[in-house]
Every structure is written in C-alpha cells, then in structure tokens.
Amino acid sequence: MKFDILTLFPAMFDGPLGQSILKRAIERELIDVRCHAIRDYACDKHRTTDDYPYGGGAGMVMKVEPLTACLEQILSGRPRARIILTSPRGRRFDQAFASELAAEKELVIVCGRYEGVDERLKELFALEEVSIGDFVMTGGEPAALVIVDAVARLLPGVLGCEESAEDESFAAGLLEYPQYTRPETFRGHAVPDVLLSGNHGEVRKWRRREALRRTLMMRPDLLETAPLDDRDREWLRLLSGGQGD
Ligand code: SAH
C-alpha cells in the first residue's frame with residue numbers, strides 16, 4: 001500500500017518509520033511511505049506556507065496554493081488515491097475505519113499546522129477530514145503516523161504472524177484479555193493457573209471471560225454492538241451482580 005504524506009516537517013517521520021515493524025514493512029516493500037515537504041511547493045521567494053486569517057483572529061492559516069501544487073503533483077501519479085485531511089473536526093478514526101482504509105491501494109494524508117488549512121483545499125479535492133480523538137494537537141503529523149501505523153499492521157505480512165491482528169482489542173468488538181509472559185511469579189504476583197494448564201479449551205474460555213470483564217469495566221459502550229452469545233450474556237449478568245439485563 002502506498003502512503004503519501006504532505007507535511008511542513010518531513011523529518012518528524014524519520015524516527016517512527018525507521019524502527020521496528022514499520023521499518024521492516026517498508027524494507028520488505030509491503031508499504032511505501034513518501035513524505036512531501038509542502039514548503040518545496042511554495043510559490044514565492046520566501047517559500048511562505050502560512051498567512052494571517054481573513055476576518056482576523058489569532059494564529060496562522062496554511063495557504064491553499066502550496067498544498068494544491070503538492071497535491072496535484074502527487075495525484076498526477078495516483079488519480080484514484082483516497083485523500084485525508086487530519087483535523088480535530090473530522091470523522092473519528094477507529095479500528096473499523098482502519099480496516100476500511102486498509103482496503104485502499106493509495107492513501108494521501110495532509111498534515112495541518114497552526115490553525116489548520118484554508119477551507120478551500122477541502123472543496124477543491126473533496127478531502128475527507130479525519131480526527132484521531134477529541135483533543136487538539138499542534139499538528140497533523142502524529143495523526144498521520146497513527147493512521148499509517150494502524151492501517152499498515154492490518155496489511156498481509158506486516159505483522160510476523162497472521163493471527164496477531166485477529167485476536168486483539170476491537171477485532172471482535174471487545175477489549176483484549178490480559179497477557180502474561182515469564183516469569184510465573186513476580187514479586188508475589190502469579191500468572192493465572194489456567195494459562196499454565198495447557199488446556200486450550202479452558203484457556204480460550206478464560207480469555208473470553210476476561211475480555212468481557214475488561215470491556216464491561218472500561219468500555220461498556222462496546223458491549224452494545226459486540227457479537228455475544230448466551231454464555232457471554234450469562235457471564236456479564238454474573239459480573240454485574242446478577243441484576244438482569
Ligand atoms: N484550529 C483548529 C485546530 C488546529 S490544530 C480547530 O480548532 O479545529 C493544527 C492541526 O493539527 C490541524 O490542522 C490538524 O491537522 C492537526 N490536529 C490537531 N488535533 C488533531 C486531531 N485530534 N486529529 C487529527 N488531527 C489533528
């Protein structure tokens with residue numbers, strides 16, 4: 001999958017993309033991530049990329065011309081790419097959205113800075129605004145990295161073992177069960193016996209129950225849409241003190 005990122009600060013991507021799983025995915029050509037410096041597309045001799053907002057007010061707004069030139073150059077080679085503008089006003093990014101994007105071949109991500117980008121960019125390119133949460137950051141670069149990371153790990157071959165993306169939080173509509181590794185006991189805290197039992201059926205049952213317990217505690221909203229069977233519902237009733245549905 002190809003990612004093109006428009007940014008004023010391309011160097012911000014070097015660290016995260018140069019480590020671990022994303023680095024390996026790039027080396028193995030499973031993903032191709034190109035960062036485009038918006039400043040290179042500025043039209044004037046000072047290479048201006050931002051200006052004062054019409055109507056007054058604090059902060060600066062990213063100019064539409066350099067962004068347009070940069071986007072047009074990218075799209076000339078990728079006419080069917082999906083284009084995202086990072087923005088706290090956008091559609092909330094979540095696991096389902098990541099899966100949706102993982103089905104694309106080409107994704108272009110625009111990183112805003114300052115007060116954001118001139119609204120006309122959105123009109124000109126039918127940009128889709130995407131937010132990574134209800135908070136405001138100084139720029140869209142961390143948001144772009146969040147999107148690249150969450151999407152890339154869903155692509156075949158990016159994670160070492162195919163199962164690892166299937167059995168975890170949100171994949172089945174629940175939060176993941178607790179995980180442990182050696183040693184068996186640490187400072188008096190033991191790993192639950194069932195995980196050492198070698199009984200795969202019991203392990204599966206325990207994990208399901210713990211996933212339900214955690215979801216009930218931390219994100220009960222997820223239980224409204226998670227696929228549950230009668231056993232799950234019975235367990236949830238028990239956990240909530242048998243208070244019925
Ligand atoms: N004035 C804007 C905020 C600008 S923050 C507003 O009130 O809506 C500067 C840039 O950071 C934004 O253009 C966007 O690209 C990025 N950004 C900040 N918070 C974000 C979030 N929660 N999700 C995605 N991008 C975000």
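Me: Which residues does Thr49 touch, leaving out residues up to four places away in sequence?
Reply: This is a predicted model, where local features need pLDDT of at least 70, side-chain atom pairs count only at pLDDT 80 or more, and totals for chains, interfaces and linings use all residues. Numbering runs from 1 along each chain as its sequence is written, and side-chain values use heavy atoms, without hydrogens or water. A contact means heavy atoms within 4.5 Å. With that in mind, the residues touched by Thr49 are Leu8, Ile38, Arg39, Ala42, Val61, Met62, Lys63 and Pro66.

Me: Is Thr49 buried or exposed?
Reply: Thr49 lies in the loop between strand E2 (32-37) and strand E3 (50-51); helices (H or I, at least four residues) and strands (E, at least two) are DSSP runs, numbered from the N terminus. Buried means under 20% relative accessible area, exposed over 50%, and partly exposed in between (1.4 Å probe, protein chains only). Because its relative accessibility is 1%, Thr49 counts as buried.

Me: And Arg187, buried or exposed?
Reply: Arg187 is also a loop residue, placed between strand E8 (185-186) and strand E9 (189-190). Its relative accessibility is 73%, so Arg187 counts as exposed.

Me: How many Å separate the C-alpha atoms of Arg187 and Ala226?
Reply: Along the chain, Arg187 and Ala226 are 39 residues apart. In space, their C-alpha atoms are separated by 36 Å.

Me: Which proline follows a cis peptide bond from Arg182?
Reply: Look in the loop between helix H6 (141-152) and E8. The peptide bond after Arg182 has omega near 5° and is cis. The proline that it leads to is Pro183.

Me: What is the phi of Phe170?
Reply: Phe170 sits in the loop between H6 and E8. With 38% relative accessibility, Phe170 counts as partly exposed. Its phi is positive, in a residue other than glycine, and lies near 75°.

Me: What is the phi of Tyr114?
Reply: Tyr114 belongs to the loop between strand E6 (106-110) and helix H5 (120-125). Tyr114 is partly exposed, because its relative accessible area is 37%. Its phi, again a positive value in a residue other than glycine, is near 55°.

Me: How many Å separate the centres of domain 1 and domain 2?
Reply: An automatic or database domain assignment gives the bounds. It divides the chain into domain 1 (2-162) and domain 2 (185-240). Taken over C-alpha atoms, their centres are separated by 38 Å.
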